[in-house]
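Here are a few short exercises to work through with the coordinates open. Try each one yourself before reading the solution.

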Amino acid sequence: MAGRGRVSRAGCSLVLLLGVLAGCGGHPAADTAATEVQRVLDRRATAVLDRDEAAYRATEEPSGGVAEFRRLRAVPLAAWSYHLTGLRRSGDRATADAELRYRVEGYDRAPVTVARTLSLVHDDGGWRVASDTPAKKAGQQLWEQGAVTAVRGAHSLVLGVGQSGKRLRAYAALADRAVPAVSEAWGTDWAGHVVVLVPKSLEGMAGLLGASASGYRGIAAVTTGEAGGSATARADRIIVNPEAYGVLGDLGKQVVLTHETTHVATRAHTTAATPLWLSEGYADWVGYRGSGRTAAQVAPELRRAVLDGLPPAALPADGDFGFTGDAARLARAYEGGWMACRLIADRWGEVRLNDFYRAVGDHGKRAGAVEGALRDVLHTTPEKFTGQWRAYLRAQLG
């Protein structure tokens, strides 16, 4: 993520852009460093796309390596570019802030955009890159963790590090079943394919997310992407935790991949207006759709609460979905969202469920979104729906 700012006072503004400082009524101070660094990054990007190791090496500081360049060879790239957003220079050294934008050929409609920090040195040959790392709080890219192996499926591209070809082909088979299952439930107004990243370990997953591993222990997979009503929202990635995923049974593995694929499909209609009980509940509903599993089998924690006489009084709040270490609470939140979507599908039909999801997301802002969709699509109120949901829990799980 990148931010841009401007400070303005009494009609006079100072705008710092790529190392050029302009003052009120003055002329830009001549500093060609930003322009020269951008040119180096442009040559570096061209070298990556052309698979030209010599040209790439020419942009590197002499003691630098090309390991990451070589690891990229397995990734089918359609685009790769750098956009310089800031430069701090001290003599013959500089630190650059940049956005790396890239697209995987045949899979990404819009680029992945990631924040990078580059260290550069200046010598007789001009500026050269000494290091290229994730910006603060930004995640790593898969090829920074090791050599990448790519497996193409009918509807998927699986990229792995430290994984056998056989294992990656198994992921591709699961994803290839997930994609048509999601299209059957949701419709075909989405890309119809997915990119799955399989790092070597939980720590690798956390590295890709720019997060602590402790927050994702026990989480089998997540989907990254930009929520917001546009078919060109930036590219999604399904990121697998191989440790948690590996202990699942065949059905569990398929449900997880179908759940995450649903997030990819629904991305354009998932906005700030969409509560997590709906986005996660719907993804689980698609994941379990057609599995033959009963409510008691899918929602054991919620069933335990119902049998103990402690059914939830309200639909799960967003905070209930936090990876806080309370596994039972998290399970009840997912199960409660799934049961709400299952109720809508059972009582109003699958078409209405899809219409409801789209209506909530397309509202754009949280206030009034669910209320409006309940009124316009399901012809009910929040109070009545909550009461129906609680009665449904007792009937299905009691």
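A residue counts as buried when its relative accessible area is under 20%, and as exposed when that area is over 50%. Keep in mind that the model is a predicted one.

**Exercise 1. Find the helix that holds Gln38, decide whether Gln38 is buried or exposed, and list what Gln38 touches beyond its sequence neighbours.**

Start with the location: Gln38 sits in helix α1, which covers residues 33-50. Next, take the relative accessibility, which is 17% for Gln38, so this residue counts as buried. Finally, leave out residues up to four places away in sequence, and the contacts of Gln38 are Tyr82, His83 and Leu84.

**Exercise 2. Work out how α10 and α11 are oriented to each other, and sort the residues of their contact by character.**

First get the geometry: α10 (residues 300-307) and α11 (residues 327-347) pack with their axes 7 Å apart, at an angle of about 95°. Angles of 65 to 115 degrees count as roughly perpendicular, and α10 and α11 are therefore roughly perpendicular to each other. Now list who meets whom: α10 brings Pro300, Glu301, Leu302 and Ala305, while α11 brings Ala328, Ala331, Arg332, Glu335, Gly336 and Met339. Sorting the residues of this contact gives six nonpolar, three charged and one polar.

**Exercise 3. Count the aromatic pairs, then classify the one formed by Tyr102 and Trp143.**

The count comes to 15 aromatic pairs. For Tyr102 and Trp143, the ring centres are 5.4 Å apart and the planes make an angle of 70°. Pairing needs centres within 6.5 Å, and planes over 60 degrees apart count as edge-to-face, so the pair of Tyr102 and Trp143 is edge-to-face.

Then place the partners along the chain. Tyr102 belongs to strand β5 (residues 93-104), and Trp143 to the loop between β7 (126-134) and β8 (148-152). The two are 41 residues apart, so the pair links distant parts of the chain. What about burial? Tyr102 is buried at 5% relative accessible area, and Trp143 is buried too, at 6%. To finish, follow the ring pairs outward: they join Tyr102 and Trp143 with Trp80 and Tyr82 in a cluster.

**Exercise 4. Sum up the whole protein: how many helices and strands are there, and what share of residues is buried?**

Count the elements first: 14 helices and twelve strands. Then check burial, which applies to 46% of the 398 residues. For the surface, the accessible area is about 18,800 Å², with 50% of it belonging to carbon and sulfur atoms.

Note on methods. Residues numbered from 1 in each chain as written. Predicted model: local features only at pLDDT ≥ 70, side-chain atom pairs only at ≥ 80, totals over all residues. Heavy atoms only, no water. Helix = DSSP H or I, 4+ residues; strand = E, 2+ residues; numbered from the N terminus. Buried < 20%, exposed > 50% of the residue type's maximum accessible area, 1.4 Å probe, protein only. Areas by Shrake-Rupley, 256 points an atom, 1.4 Å probe, with all protein chains shown as cover. Axes fitted to C-alpha atoms, helices over the stretch in contact; angles between N-to-C directions. Parallel < 35°, antiparallel > 145°, perpendicular 65-115°, else oblique. Contact = heavy atoms within 4.5 Å. Nonpolar A, V, L, I, M, F, W, Y, C, P; charged D, E, K, R; others polar. Phe/Tyr/Trp six-rings, centres within 6.5 Å; stacked < 30°, edge-to-face > 60°.
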